[in-house]
Structures are given as C-alpha cells and as structure tokens.
Amino acid sequence: MTQEKFVSETETLKKFFSVYCKDKHTDQQNYVKEITYQNEMIQIELNLCDECTELINYSFERLQGCPHEIKPRCRSCANPCYEKPQWKKLAKLMRYSGIQLGILKIKKFFRL
C-alpha cells in the first residue's frame, strides 16, 4: 500500500479510537506514537487509555504488515490478519465510533 494510504488508514484508526475511548473510558493519557513505514517515520498524537492504547498499537502492527498492494477493508479481506479476540474488540469499537461520527456529521450539517 502507498504511504499516503497508510497515513490515511492510521488517521482513521486514530479518529475512531479517540471517539470510543473518550466516550467509554477514563484515564486517557497523551502520547506520541512513532511508526516507521516504507523507511519514513510517521508521528501520531494520541489521547487514549491503556486498554485502547494496547489495541491501537496492535492495529498499527497489523496495518504495517498488510500484504495487499491495494488494501481492502479488513472486514472483507479473504485472509484477515487480526486474531479473533482483537477482531471482535475492534469491530465493536468501529461500529460504535462509526455511528457516533455519523451523528456528529448530521448535527454539524443542521447547525449551518
């Protein structure tokens, strides 16, 4: 996958995790995650609890190791690289955050 696609995917993960963790957990901590992809260093600022930090780091590892040149959506991948327990946690998180982000988008639209 291209570096631009990788950065886009990491930003999507960051957005979804931020919404979920802010709504569901306490004790978030600010930190900067450094990820190397195609010999480039990418810095991502995160504000997450320990549980979400562990899962997002796992997700970043899987994203870095994605073997597809054109990355499919993970849920439609023929050979998923997530282990079942992490897959279930991430699916729950994505479902919740997707709904919340959709609601926020609608609210912003009607405020205009």
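## Two loop residues with positive phi

Asn39 sits in the loop that joins strand 1 to strand 2. Its phi is near 60°, a positive value, and Asn39 is not a glycine. The residue counts as exposed, because its relative accessibility is 77%. Bear in mind that this is a predicted model.

Asp27 is another residue to look at here. It belongs to the loop between helix 1 and strand 1, and its phi is near 65°, again positive in a residue other than glycine. With a relative accessible area of 63%, Asp27 is exposed. For background, most residues other than glycine have a negative phi.

## The overall layout

Stepping back, the protein has three helices and two strands, and along the sequence they run α-β-β-α-α. There are 112 residues, and 30% of them are buried. About 8,000 Å² of the protein is exposed, with carbon and sulfur atoms supplying 50% of that area.

How much of the contact network joins residues at least 24 apart? Taking contacts between residues at least 6 apart in sequence, the share is 64%.

## Helix 1 and helix 2

Helix 1 contains 22 residues, and its first and last C-alpha atoms are 31 Å apart, close to the expected 32 Å. Its buried residues are Phe6, Glu9, Thr10, Leu13, Phe16, Phe17, Val19, Tyr20 and Cys21. It helps to recall that an α-helix has 3.6 residues a turn, so residues three or four places apart point the same way. Lys5 is also part of helix 1, but it counts as partly exposed, at 32% relative accessibility. Between Lys5 and Ile70 the C-alpha atoms are 9.1 Å apart, although 65 residues separate the two in sequence.

Helix 2 has 15 residues, which should span 21 Å at 1.5 Å a residue, and the 21 Å between its end C-alpha atoms agrees with that. Buried residues in helix 2 include Cys52, Leu55, Ile56, Phe60 and Leu63, along with polar ones such as Thr53, Asn57 and Ser59.

## The nonpolar core

The largest nonpolar core is made of 24 residues. Which of them touch the most other members? They are Phe6, Phe17, Leu48, Cys52, Ile56, Phe60 and Leu93. Helix 1, strand 1, strand 2 (40-48), helix 2 and helix 3 are the elements that each give two or more residues to this core.

Leu48 is worth a click in the viewer. Beyond its neighbours within four places in sequence, Leu48 is in contact with Phe17, Ser18, Cys21, Asp27, Gln28, Gln29, Thr53 and Ile56. That list includes Asp27, the exposed loop residue from the opening section.

## Thr53 up close

Thr53 is in helix 2, which covers residues 50-64. Is Thr53 buried or exposed? It counts as buried, because its relative accessibility is 15% and the cut-off for buried is under 20%.

A polar atom of the Thr53 side chain lies 2.7 Å from the backbone oxygen of Cys49. Setting aside neighbours within four places in sequence, Thr53 is in contact with Tyr31 and Leu48.

## Two aromatic pairs

Searching the whole structure turns up two aromatic pairs. Phe6 and Tyr37 are stacked, with 4.0 Å from centre to centre and 5° between the planes. This pair links distant parts of the chain, since Phe6 is in helix 1 (residues 3-24) and Tyr37 is in strand 1 (residues 29-37), 31 residues apart. Both partners are buried: Phe6 has a relative accessible area of 0%, and Tyr37 is at 9%.

The other pair is Tyr20 with Tyr96. Why is it edge-to-face? The ring centres are 5.6 Å apart and the planes stand at 85°, and an angle over 60 degrees counts as edge-to-face. This pair too links distant parts of the chain, with Tyr20 in helix 1 and Tyr96 in helix 3 (residues 84-111), 76 residues apart. Tyr20 is buried at a relative accessible area of 11%, whereas Tyr96 is partly exposed at 22%.

Terms used: Residues are numbered from 1 along each chain as its sequence is written. This is a predicted model: local features need pLDDT of at least 70, side-chain atom pairs count only at pLDDT 80 or more; totals for chains, interfaces and linings use all residues. Side-chain values use heavy atoms; hydrogens and water are left out. Rings of Phe, Tyr and Trp (its six-membered ring) pair if their centres lie within 6.5 Å; planes under 30 degrees apart count as stacked, over 60 as edge-to-face and the rest as tilted. Helices (H or I, at least four residues) and strands (E, at least two) are DSSP runs, numbered from the N terminus. Buried means under 20% relative accessible area, exposed over 50%, partly exposed in between (1.4 Å probe, protein chains only). A polar contact is a pair of N or O atoms within 3.5 Å; within protein, one must be able to donate a hydrogen and the other to accept it, and residues adjacent in sequence count only if both atoms are side-chain atoms. Contact means heavy atoms within 4.5 Å. A nonpolar core is a set of buried Ala, Val, Leu, Ile, Met, Phe, Trp, Tyr and Cys residues joined through side-chain atoms within 4.5 Å. Accessible areas come from the Shrake-Rupley method with a 1.4 Å probe; for residues, only the protein chains shown count as cover. The expected span of a helix is 1.5 Å times one less than its number of residues.
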